[in-house]
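What follows is a short report for a reader who is meeting this structure for the first time. Please look over the sequence and the model before reading on.

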Amino acid sequence: MSVQLTVFFVLAAIAVAGAVSLIVQRHPIHSALSLIVVMAALAGLYLLLEAEFIAAIQIIVYAGAIMVLFVFVIMLLNAGSEERTNLSRTAFYAGVPLAIFLLLELAYRVARGSASMVAQPSPAAATRGLSMLLFQDFVFPFEATSILILIAILGAIVLAKRDV
Amino acid sequence: MNELFAQHPILLVSLVKIVVLLFLLLTSLAYLTWFERKVAAHIQGRWGPYRVGPHGLMQPLADGLKFLFKEDTTPGSADRFVYFLAPFLSLSLAISTIALIPFGPGTFRIFGQTTSLVVANVNIGLLAIFAITSIGVYGVALAGWSSNNKYSLLGGLRSAAQMVSYELSLTMSVAGVLLLVGTFNLSEIVRAQSGTTWGFLPRWNLLSPTAPQLLGFFCYFVAAVAETNRLPFDLAEAESELVAGFHTEYSSFKFAMFFMAEYASMITVSCLAAILYFGGWLSPFPQTAAFAWTRYLPAVLLACVGVGLVINGFRYSTAWGRIMLPVVGALLCAVAILAAWPGAVDFVQGPAWFLLKILVILFVYVWVRWTLPRFRYDQLMGIGWKFLLPVAIANVVLTSLAVVIHK
Amino acid sequence: MVPISYYITLSAILFGLGVAGFVFKRNIITIFMAIELMLNAVNLAFVAFSRALGQLQGQVFVFFVIVVAAAEAAVGLGIVILIARNRKSLNVERVNLLKL
């Protein structure tokens, strides 16, 4: 098995383990940490796909800023462990296997459908090509997202402000 | 395993480089604490560590032993997993950024492979360093939260908010350098600063003929001091304000890990400043035949230090000092002679100038810490958002204008 | 060489796990994190497709998805803070004032 395949399986296993841990953990802080692990594994997968800039942006913006926001909110709201549910155990024992089966079925169908895809050679200097696209063909969405972020900042301030 | 190394010799070479670099980094981390205490003491008009070994040179060893032998307590109702994770995360991230820093231009052969003086020469080196720094915020925030102590929580959250805010200014101030050079690769950034303007001024990004990055360096340095939680920006961990901030409940080795993580990030930031603004491993003198004698300057400097140590050692008060200092001085002289050997002098030049620049920047770091008073937290955040970020953006705008006009 | 279908399958699995988290959990913040997991899975699919077709538009789209996710997280967490303040609980079953 080539080195790339081994690295892929390791990173994929870490990502899936992190996602399962997100669902299974009871305290939101542990779920947040699991999500950060998933994001880091995904950044490794982007590097394997030779999308270096996206990998760096994923870590800097997603894992390094958005998740910090989540962690701040969890700490400030003092979110505790989830309480035990009072729903029926039958629903749990019937629902979880069905969910797993649905998941596996989805994965199988997707794998069958995309089996014919072959990776084209990656473009040299992907970062440069990406920035050319971003600032020439997609400059309007780029500027629109800056206004979007401004709106989001204003919205967050207005929503979370205390009326003192 | 042997087959893996035979098929991919790059792994073995990288392993050797990592081991050597780790050893050098951890030693210099320990002696950076000694350096800081000595400089702090001399600024305050006293001697600093003097008794533990000649001139206090064994002080880091004594501190390390103290940290190892102290009792390792854990708060009763702390979240154990996160409590153990936080210092480990901080330290491992702070140390791993050194893998991306190029120390010199020379290449050398080892195990039949020709490699250069950098562990990982990635095309997005600068961006990767910022990525690792931005994850470092978690070490602080999680440490504050997992201690189950309201002072720690407040200190941790304040510290994390400060780091996230100044990270923006840090990245923006570096954008000026990126406009001048056009690549994220750190070795390329250093190579683009070679040559001189007007025959004698080195073309460092600080004094670039297109757009001198003075404003950028100022923003970078202030943001870096705030990012590493050092005075004058260390309210979140100040001893007199919030007990000890996010590392209140940590003792012995875990506290040592936070301590080391702070100094390691200091070293990283200084390395990056030297690479981005001061020409990395380039000599400040023009590389012409008339200035060929400057290639021996690092060796001469080292020899002077060695001779000084020998002379001081012979007249030292304790017997142990009279033996150890001359031995260390003689070793330094031997290294200096080796460095001045005709074959090795070009190879040694790069790392030597780089280390000299890092030392100067670290000295300024320590100097600033022990001279300026501390900022209040609202002043700190105000500076980060209302002063530093607009100035960094202005730097980007001015630099891009200058680059466009110059083309 | 890793076949592209492996990446797409992994993206499908992560997306399914995100949906499962969204449906099964009761803490609002954890539900939010499951949404972020779904967005991440979709990003992986985009980058894999961009590699499969040899074009960079997929990566541009990932860039925009990340930016929009950041904006959405900021506003969404503002709403979460308001809910926590008003209902004194982060349990999504307590946000039931409109229930019959």
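In chain C of this predicted model, 49% of the contacts between residues at least 6 apart in sequence join residues that are at least 24 apart. The chain that makes these contacts has three helices and zero strands, and its elements, read along the sequence, follow the pattern α-α-α.

The overall dimensions of chain C can be set beside its burial. Its C-alpha trace spans about 50 × 25 × 20 Å along the principal axes, and its radius of gyration is 17 Å, whereas a compact globule of 100 residues would have one near 13 Å. Buried residues nevertheless account for 52% of the 100 residues in chain C.

The table collects these values for chain C.

| Property of chain C | Value |
|---|---|
| Radius of gyration | 17 Å |
| Span of the C-alpha trace along the principal axes | about 50 × 25 × 20 Å |
| Buried residues | 52% of 100 residues |

Turning to chain B, helix H6 covers residues 150-181, and its 32 residues reach 46 Å from the first C-alpha to the last, which is close to the 46 Å expected at 1.5 Å a residue. Although the end-to-end reach of H6(B) is close to that expected value, the helix bends by about 25° at Ala175(B). H6(B) is also mostly covered, with 23 of its 32 residues buried. Just after this helix comes Gly182(B), a residue that takes a positive phi of about 90°.

Notes: Residues numbered from 1 in each chain as written. Chains lettered and ligands numbered in written order. Predicted model: local features only at pLDDT ≥ 70, side-chain atom pairs only at ≥ 80, totals over all residues. Helix = DSSP H or I, 4+ residues; strand = E, 2+ residues; numbered from the N terminus. Expected span 1.5 Å × (residues − 1). Bend = angle between axes of the 7 residues up to and from the residue. Buried ≥ 20, exposed ≤ 12 C-beta atoms within 10 Å, placed from the backbone. Rg over C-alpha atoms; globule rule 2.2 N^0.38 Å. Contact = placed C-beta atoms within 7 Å.
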